[in-house]
Amino acid sequence: MAPPEDNPGDEEDFAKLLAEYEGPETGRSKKKRKEPSVGDSVKGRVISIGRDSAFVDIGAKSDGVIDLNQLRDGDGNVSVKEGDEIEARVVEVGGPSGGVMLSRVIGRGAEGKAELEQAFQMGVPVEGVVSGVNKGGVEVTVAGVRAFCPISQLELRHVEDANAYVGQKLRFRITRYEEGARGANIVVSRRALLEEEQATRGAEVRATLAVGSVVKGKVTALKDYGAFIDLGGVEGMLHVSEIGFQRVTHPKEVLSVGQEVEVQVKKLEKSDDPKRPERISLSLKSLERDPWSDAATRFYEGARASGTVKRLETFGAFVEVAPGVEGLLHVSELGRGRPLRHAREATKIGATLDVVVLAVDSDKRRLSLGLTQPGEEGEAAPNEAPRAPKSLGTFADLLKGKKEK
């Protein structure tokens, strides 16, 4: 079969498209015609690395040039390679080099006050070393110049003791730059940068969240009512009631700040807070096996168990007979013939009691307990019981029956 003849129209169309794509300079596309302005944030791909500088394709007529020192890690090694994508700020256009000068961090080394003022005007991050702690914040040395960072601007959350930051090299944004008779008055904020980074990560994470999804996070704060969990730029709330099936008075009994946890998204609700457009409710408990799923077979009527007193009320004591499984030991059982005004007259929180199961209501997750007596016959509650539980009436009926006895 003879090969198909070339279509002159196809060749003409291709040539036209190529001409439209490429500019007057060979190999340069029209997309590389617009020059960026000083202060612009640009992304580009490293196309070559020289002895002192790296060249970056930023999609402009001219390639970007960045000092190699700005691409080194803490050990002095170049942290990027050809083909890597980086983000930087434009600090000069058409200078002596004729290219677009880039900077990832302004203020690295003794680069002078003029450059710091430029960083303030452009909003470009600077790098500084925390040199001391004073009233209300920390002192930061930036390019040989002293600056002040308020304690509220050091982290996303309040810092109790800033001494741990002394000696650390961190990135800041200059929020105030004023020249005075005694020198420059410079105020910086680290929190501003952290919030921007958090917003970027949060948008990506938020797009992946759904009710029921299981995610990893880190505990950032503990309150009486629950724990805040950072899911990677977006925070969720783990209510104290969702920490586990066992009763928890305060999250610190189970969790600690900085601890990594795996949680399940329980609820997503829209919020009017622009910084937190969604309220994210989390749960640890939903990932655990419900202890009541087999409580009915373990704690049948007549089974004996040893439990710990967890709460005391006027009407009785709540005794935990297994992790997450509590039963009520009524005051009439505690008193055994003598009237009690409160359960604490007969026992105390943390006390260990030997009890017998009087009745079980699995649907309402309730156990009614009685005290065992020395020598009293009965079976200890096994891991799996051979007989089914006896059904109950209402819990009120049960208590009423105990009182009538």
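Trainee: Which residues does G307 touch, leaving out those up to four places away in sequence?
Mentor: In this predicted model, G307 touches V319, E320, V321, A351, T352 and L353.

Trainee: What makes these count as contacts?
Mentor: The cut-off is heavy atoms within 4.5 Å. V319 and A351 are among the residues that G307 touches.

Trainee: Why is G307 called buried?
Mentor: Buried means under 20% relative accessible area. G307 has 2%, so it is called buried.

Trainee: Where is G307 found?
Mentor: G307 is in strand β16, residues 303-313.

Trainee: How many residues along the chain separate G307 and D354, and what is the distance between their C-alpha atoms?
Mentor: They are 47 residues apart along the chain. Their C-alpha atoms are separated by 6.4 Å.

Trainee: Now the strands. Why are β11 and β12 called a pair?
Mentor: Pairing needs at least two bridges. Strand β11 (residues 214-223) and β12 are joined by five, so they pair. They run antiparallel. One bridge sets K218 against D230 in β12.

Trainee: What joins β11 to β12?
Mentor: A hairpin, through two residues.

Trainee: What makes β12 and β13 a pair?
Mentor: Five bridges join β12 to strand β13 (residues 235-239), against the required at least two, so the pair stands. These strands also run antiparallel. G226 has H239 in β13 as its bridge partner.

Trainee: How many residues lie between β12 and β13, and which turn residue has a positive phi?
Mentor: Four residues lie between them in the hairpin. G232 in the turn has a positive phi of about 110°.

Trainee: Why is β12 described as mostly covered?
Mentor: Each buried residue must fall under 20% relative accessible area. Four of the five residues of β12 (residues 226-230) are buried, so the strand is mostly covered.

Trainee: Which residue of β14 stands opposite K218?
Mentor: E260 does. Strand β14 (residues 260-270) pairs with β11 in the antiparallel sense over five bridges. K218 thus faces two partners: E260 in β14 and D230 in β12.

Trainee: How do you know that β14 and β15 pair?
Mentor: Count the bridges. There are six, and at least two are needed, so β14 and strand β15 (residues 278-283) pair. The sense is antiparallel. L268 has I280 in β15 as its bridge partner.

Trainee: On to the second largest pocket. How much space lies in it?
Mentor: About 530 Å³. The lining has 20 residues. Nearest the centre lie E87, R104, P125, R171 and E197.

Trainee: Which elements give two or more residues to that lining?
Mentor: β4 (85-93), β9 (169-180) and α3 (191-206). The largest share, four residues, comes from α3.

Trainee: What makes ten of the lining residues charged?
Mentor: Asp, Glu, Lys and Arg count as charged. Ten lining residues of the second largest pocket fall in that class, so they are called charged. The others divide into five nonpolar and five polar.

Trainee: And the whole protein: how many helices and strands does it have?
Mentor: Six helices and 21 strands. Of its 405 residues, 39% count as buried.

Trainee: What share of contacts between residues at least 6 apart in sequence joins residues at least 24 apart?
Mentor: In the protein, 58% of them do.

Trainee: How much area does the protein expose?
Mentor: About 23,800 Å². Carbon and sulfur atoms supply 48% of that area.

Notes:
Residues are numbered from 1 along each chain as its sequence is written. This is a predicted model: local features need pLDDT of at least 70, side-chain atom pairs count only at pLDDT 80 or more; totals for chains, interfaces and linings use all residues. Side-chain values use heavy atoms; hydrogens and water are left out. On a 1 Å grid over the protein atoms alone, a cavity is a set of points where a 1.4 Å probe fits but cannot get out, and a pocket is an open set with protein on both sides within 12 Å along at least five of seven lines; lining residues have an atom within 4 Å of a point. Grid points are joined across faces, edges and corners, and a volume is the space filled by probe spheres set on the points. Buried means under 20% relative accessible area, exposed over 50%, partly exposed in between (1.4 Å probe, protein chains only). Accessible areas come from the Shrake-Rupley method with a 1.4 Å probe; for residues, only the protein chains shown count as cover.
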